[in-house]
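This report covers a hairpin, the sheet around it, and the interface between two chains.

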Protein chains: 2
Amino acid sequence: MQADLVEEIAVSLEATLAQLQSPSTVDVLQVQQAIVRAAHQFMFERGLVQLMPLMLSPITDPLNHGVVDAAISYAGSRWSLTKSMIFHKQLALLNPALEALYIVSPNVRLEFADRAFTGRHLFEFTQIDFEFRNKDGAFVRSFMEDLINYVFAAVKRDVPEVVAKYRPQSLPEFGKLDVYRTEELEAQYGPDFEHLKSREATAPFWLLNHRREFYDKEDPAQPGTYLNYDLIWPEGFGEGLSGAERENEYHQILKRMGETGADKEAFQHYLQVAKQQGLPYSAGAGFGVERMARFICRIKDINDVTPFSRRPGMPALF
Amino acid sequence: MQADLVEEIAVSLEATLAQLQSPSTVDVLQVQQAIVRAAHQFMFERGLVQLMPLMLSPITDPLNHGVVDAAISYAGSRWSLTKSMIFHKQLALLNPALEALYIVSPNVRLEFADRAFTGRHLFEFTQIDFEFRNKDGAFVRSFMEDLINYVFAAVKRDVPEVVAKYRPQSLPEFGKLDVYRTEELEAQYGPDFEHLKSREATAPFWLLNHRREFYDKEDPAQPGTYLNYDLIWPEGFGEGLSGAERENEYHQILKRMGETGADKEAFQHYLQVAKQQGLPYSAGAGFGVERMARFICRIKDINDVTPFSRRPGMPALF
């Protein structure tokens, strides 16, 4: 082995052990634990049924940005690693006994190395995903606002000493959050509007109308705009949740797949269900647990939220 | 496309939709949800810190039986899909601020098709894994006995109508569970001892001393026997938890890796940590959520626990 390579591995081992043994990581883990426990409690109180996560499926979220493809072969099929549980949420709502559901799921998104130091990206993380049949975006946004206040109250109750350390002025309770549209902020702030507005904001806010994946519903009243919404954390922490009303009609899905260049062959059975059976009208969202913990603890680099480094495009020892 | 192939896919779509829409699946999901929520609550009350699951790592559990290898390439490395979080539990306990931890994690185990209809195997499932520094197997078994009673009480409280439907005589509360050793039961029942004893039993029991993975501690007082333990569900439902005290000394790990034929090259950094830093003395276990739900609801085929078929060796549409 070359000397520089040995040195690099040694450095990595040292850095790996330093991250593993950092006491501040345990603070953040306790905040994450409070988030997860409170989210389970909130979902139960609101009547959502939990589905277990799946990591392999013939179909997964195509996402609207480039990631390295992650798939394996097994049982004569090709299985993609879960980027999000979006299609499984829609399909599970075909069950008449399910009105609303949630999933706590690892998401694997093999981002390119240009995202290694954004502070916001890990190539695997945990998403809490939920979906309601026969509800619209306004309902989902209101649900999420209640969830944030519920979870923040739980974090303050469970780990007051950690909150005192990272947020000496405590975690606020929020009223109705402000709602903006992308085209409106872009006109005001230019192309970097999301980041600039996040830096300026002191409370989370909603950002409506993103052009992205085919499953986000196009607004029938304003074609070319979309019934989706992101929650943006303030203080520059950026995007923390994505959600939408969903496309559920066969011809409209086909049209949107054409526009976004989705692989219709890969989605043949999904399309068959949409055509034969019909998909439910639904709306939902998913938020990243690590990003919420990062906001609460004001952590600059999300890679410090986890004991095991998961920086996009970079190797790890464990 | 050939006519028989079209028919097969059509049959699969029909079967897929039937499973998705089965109302009894939702009963079992609610039991699972109660298990997970109560487990989080119990862990918090007992002071365990939660780690988020990871699905990719250069090392994962080698397991003691044949499964199809699941790995991907990314960032110039080879990443295995998580078969269990065993090594990450051990490594995380290097953090002096962590005394005990738990993880709710999907496990991907690409079993061969001969396990498609055992009733007990899914090729991905959810495991609740926990580990204590400076505790022994007796402590872990007692902890798990408390956890079972806590979780069963929560299931009865959360979904009494489901318990009434599947277990009309309700879920018992258990005292100290019986403890057996493999060699003792084998002498009495022959090679199929685990299954036969499970069928005969009316309460869960412990089964000690299995010859398996290198990380289960060999008994220094009786070399060739092992300080590990399985929890076996009664009524024929079989194995529901595996645990052990862990090998943590470098030379002993090397010896055990040699015996089990583990790949020392793949574990080079793990071995380096054991040699330079020393691994903590620890004990823990992991139990399958779907198997616990299956036992509670007396489901014959574990594939009925999930809305999405995950039968070993068989394809699925979603």
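In the hairpin of β4(A) and β5(A), two residues lie between the strands, and Ala75(A) takes a positive phi near 55 degrees. This is a predicted model, in which local features need pLDDT of at least 70, side-chain atom pairs count only at pLDDT 80 or more, and totals for chains, interfaces and linings use all residues. Residues are numbered from 1 along each chain as its sequence is written, chains are lettered from A and ligands numbered from 1 in the order in which they are written, and side-chain values use heavy atoms, with hydrogens and water left out.

**The sheet in each chain**

Helices (H or I, at least four residues) and strands (E, at least two) are DSSP runs, numbered from the N terminus. Two strands count as paired if DSSP finds at least two bridges between them. In chain A, three strands make an open, antiparallel sheet in the order β2-β5-β4. Because β2 (56-57) and β4 (71-74) of chain A are at the edges with a single partner strand each, one side of each has no neighbour in the sheet.

The hairpin strands β4(A) and β5 (residues 77-81) of chain A pair in the antiparallel sense over four bridges. β2(A) also pairs with β5(A) in the antiparallel sense, over two bridges. Some of the residues that face each other in these pairings are listed below, together with one pair from chain B.

| Residue | Partner in β5 of its chain |
|---|---|
| Ser73(A) | Arg78(A) |
| Tyr74(A) | Ser77(A) |
| Ser57(A) | Ser80(A) |
| Leu56(B) | Leu81(B) |

Chain B has an open sheet of three strands with the order β2-β5-β4 and antiparallel pairing. Its edges are β2 (56-57) and β4 (71-74) of chain B, each with a single partner strand, so one side of each is left without a neighbour in the sheet. β2(B) and strand β5 (residues 77-81) of chain B form an antiparallel pair over two bridges.

**How the chains are related**

A turn of 180 degrees, with a shift of 0.0 Å along the axis, lays chain B on chain A with an RMSD of 0.0 Å; the superposition is by least squares on the C-alpha atoms of residues with pLDDT of at least 70 in both copies. That is the relation of a two-fold axis. The same surface serves both copies, as 100% of the contact residues of chain B recur in chain A.

**The interface**

With contact taken as heavy atoms within 4.5 Å, 73 residues of chain B touch 73 residues of chain A. The two chains bury about 6,500 Å² between them, 69% of it on carbon and sulfur atoms. Buried area here is the accessible area (1.4 Å probe) that two parts lose on being put together, summed over both. In chain B, Gln33(B), Tyr74(B) and Phe318(B) lose the most area to chain A, together 11% of what that side buries. Helix α2 (residues 23-45) of chain B gives the largest share of the side that touches chain A, 11 residues.

There are zero salt bridges between chain B and chain A, counting a side-chain nitrogen of Lys or Arg within 4 Å of a carboxyl oxygen of Asp or Glu.
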